[in-house]
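Colleague: I would like to go through this model with you, one question at a time. Please put it up first.

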Number of protein chains: 2
Amino acid sequence: MKALMDRILAEGRNLGGGILKVDGFINHQVDTVLMDGCGRELAERFARVEATKVLTAEISGIAPALTTARHLEVPVVYARKTRPITMPDQVFLTTAPSHTKGRTVDLIVSPEYLARGERVLIIDDFLATGQTILGLARLAAAAGSEVVGVGVVIEKTFEGGREALGRLEVPVEALARVIDMSGGRITLDE
Amino acid sequence: MKALMDRILAEGRNLGGGILKVDGFINHQVDTVLMDGCGRELAERFARVEATKVLTAEISGIAPALTTARHLEVPVVYARKTRPITMPDQVFLTTAPSHTKGRTVDLIVSPEYLARGERVLIIDDFLATGQTILGLARLAAAAGSEVVGVGVVIEKTFEGGREALGRLEVPVEALARVIDMSGGRITLDE
């Protein structure tokens with residue numbers, strides 16, 4: 001997606017250690033027109049998988065998941081990292097190592113909103129090691145719903161996420177693919 | 001906003017202690033068509049304040065803030081509750097008591113994305129005591145930007161938030177106003 005790739009090259013910052021800072025338009029501050037375009041593009045790419053629900057993880061997955069779900073006209077569920085007091089006692093919970101947080105986080109979904117037979121499209125901002133997305137897929141499996149695709153805004157191809165997601169046997173789409181961040185560079189797969 | 005009020009009456013649950021559960025369409029699971037409508041309505045109500053940016057607090061403020069900002073065609077910034085590694089060392093930070101979490105939370109914004117002269121519209125999912133919104137207003141003031149309005153999806157009128165926001169001297173809009181939750185009821189201001 002050209003508008004996104006241009007923006008990453010213009011404003012993305014390579015902080016070293018594989019950390020790509022896109023806080024000015026994807027995380028923290030969101031360019032809402034660009035993010036709506038990302039959602040439209042992801043919705044088009046997954047038009048044929050007939051998703052009934054979009055699933056993501058708070059916090060930075062919410063914006064792309066919401067815009068994708070809006071274009072698909074389906075609800076979005078975001079897995080919580082802490083259990084709010086409004087959630088039932090019995091929940092689906094899994095843990096996933098967080099690359100950027102340097103620790104393991106909980107991913108929690110209420111059984112009220114993830115049901116048997118649901119066709120789940122997983123959307124997130126980044127695909128790096130794929131561990132968060134595999135965690136979301138475990139939640140979907142626990143609920144008896146079927147993962148039908150995985151879409152991300154930015155993939156870092158050198159962290160093995162796409163290979164890790166292979167076991168899901170579903171289409172994986174990325175709107176921009178960062179293929180190299182060595183030596184302070186940001187190189188995209190054009 | 002009738003579609004929202006109908007939904008609250010049909011699916012909202014009074015959990016006692018002033019807790020209104022709307023996890024099926026606003027928090028946790030988001031009805032994306034309804035939320036887009038909420039954003040459109042808030043954008044219309046604030047069309048004349050000429051906001052240059054929407055400010056909210058993660059997590060559940062993100063959905064209404066994103067849709068409002070999309071309709072206004074301005075960026076949205078969500079205050080973080082923990083400082084991510086991509087954020088500079090020097091930040092704007094304030095604390096606010098969280099009603100639903102039963103503790104004080106940090107609200108953190110990077111000076112990169114909140115600037116002097118910015119016209120800030122604060123959007124959140126709930127107006128209860130108003131403490132989160134006042135915290136966001138303090139962050140805006142620290143940045144030298146001006147708060148031009150406050151919009152929320154649901155106001156609980158009996159928790160004093162609107163009175164607390166009086167000191168901001170800006171228009172405050174709520175799409176649905178819950179005026180009574182005593183005795184297990186959910187009574188809206190029609």
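Colleague: In what sense does α1(B) pass α2(B), left-handed or right-handed?
Modeller: This is a predicted model. The axes of helix α1 (residues 2-11) of chain B and helix α2 (residues 32-45) of chain B come within 10 Å and cross at roughly 135°. That angle makes α1(B) oblique to α2(B). The crossing of α1(B) over α2(B) is left-handed.

Colleague: How many nonpolar, polar and charged residues are in the contact of α1(B) with α2(B)?
Modeller: From α1(B) come B:Ala3, B:Leu4 and B:Arg7, and they meet B:Leu34, B:Gly37 and B:Cys38 in α2(B). Gly counts as polar and Arg as charged, while Ala, Leu and Cys count as nonpolar. The residues therefore divide into 4 nonpolar, 1 polar and 1 charged.

Colleague: Which residues of α2(A) make the contact with α1(A)?
Modeller: In chain A, the axes of helix α1 (residues 2-11) and α2(A) come within 10 Å and cross at roughly 135°. This makes α1(A) oblique to α2(A), and the crossing is left-handed. On the α1(A) side the contact is made by A:Ala3, A:Leu4 and A:Arg7, and on the α2(A) side by A:Leu34, A:Gly37 and A:Cys38.

Colleague: What kind of axis relates chain A to chain B?
Modeller: Two copies of a chain are related by a rotation about an axis and a shift along it. Here a turn of 180° and a shift of 0.0 Å along the axis lay chain A on chain B, with an RMSD of 0.0 Å. That is the relation of a two-fold axis.

Colleague: What percentage of the contact residues of chain A recur in chain B?
Modeller: The contact takes 32 residues from chain A and 32 residues from chain B. The same surface serves both copies. The share of contact residues of chain A that recur in chain B is 100%.

Colleague: Which element supplies the largest share of the side of chain A that touches chain B?
Modeller: On that side, β3 (29-30), α2 (32-45), α3 (62-72) and β5 (76-79) of chain A each supply at least two residues. By class, the side has 16 nonpolar, 7 polar and 9 charged residues. The largest share is 5 residues, and it comes from α3(A).

Colleague: Which residue of chain A comes closest to the rotation axis?
Modeller: Look in the loop between β4 (53-57) and α3 of chain A. A residue there follows a cis peptide bond from A:Glu58, with omega near 10°. Its C-alpha is at 3.2 Å from the rotation axis, and the residue is A:Ile59.

Colleague: Which residue does a cis peptide bond join to B:Glu58?
Modeller: Most residues other than glycine have a negative phi, and most peptide bonds are trans. In chain B, the bond in question has an omega of about 10°. The partner lies in the loop between β4 (53-57) and α3 (62-72) of chain B. It is B:Ile59.

Colleague: What is phi of B:Glu50?
Modeller: B:Glu50 lies in the loop between α2 and β4 of chain B. Its phi is positive, in a residue other than glycine. The value is near 55°.

Colleague: What is the radius of gyration of chain A?
Modeller: Chain A has 5 helices and 11 strands. Its C-alpha atoms fill a box of roughly 45 × 35 × 30 Å, taken along the principal axes. With 190 residues, a compact globule would have a radius of gyration near 16 Å, and chain A agrees, at 16 Å.

Technical notes. Residues are numbered from 1 along each chain as its sequence is written. Chains are lettered from A and ligands numbered from 1 in the order in which they are written. This is a predicted model: local features need pLDDT of at least 70, side-chain atom pairs count only at pLDDT 80 or more; totals for chains, interfaces and linings use all residues. Axes are lines fitted to C-alpha atoms, for helices over the stretch in contact, and angles run from 0 to 180 degrees between N-to-C directions. Helices (H or I, at least four residues) and strands (E, at least two) are DSSP runs, numbered from the N terminus. Angles under 35 degrees count as roughly parallel, over 145 as roughly antiparallel, 65 to 115 as roughly perpendicular and the rest as oblique. A crossing is left-handed if the near helix is turned anticlockwise from the far one by less than a right angle, and right-handed if clockwise. Two residues are in contact if their C-beta atoms, placed from the backbone, lie within 7 Å. Copies are superposed by least squares on the C-alpha atoms of residues with pLDDT of at least 70 in both. The radius of gyration is taken over C-alpha atoms; the globule rule is 2.2 Å times the number of residues to the power 0.38.
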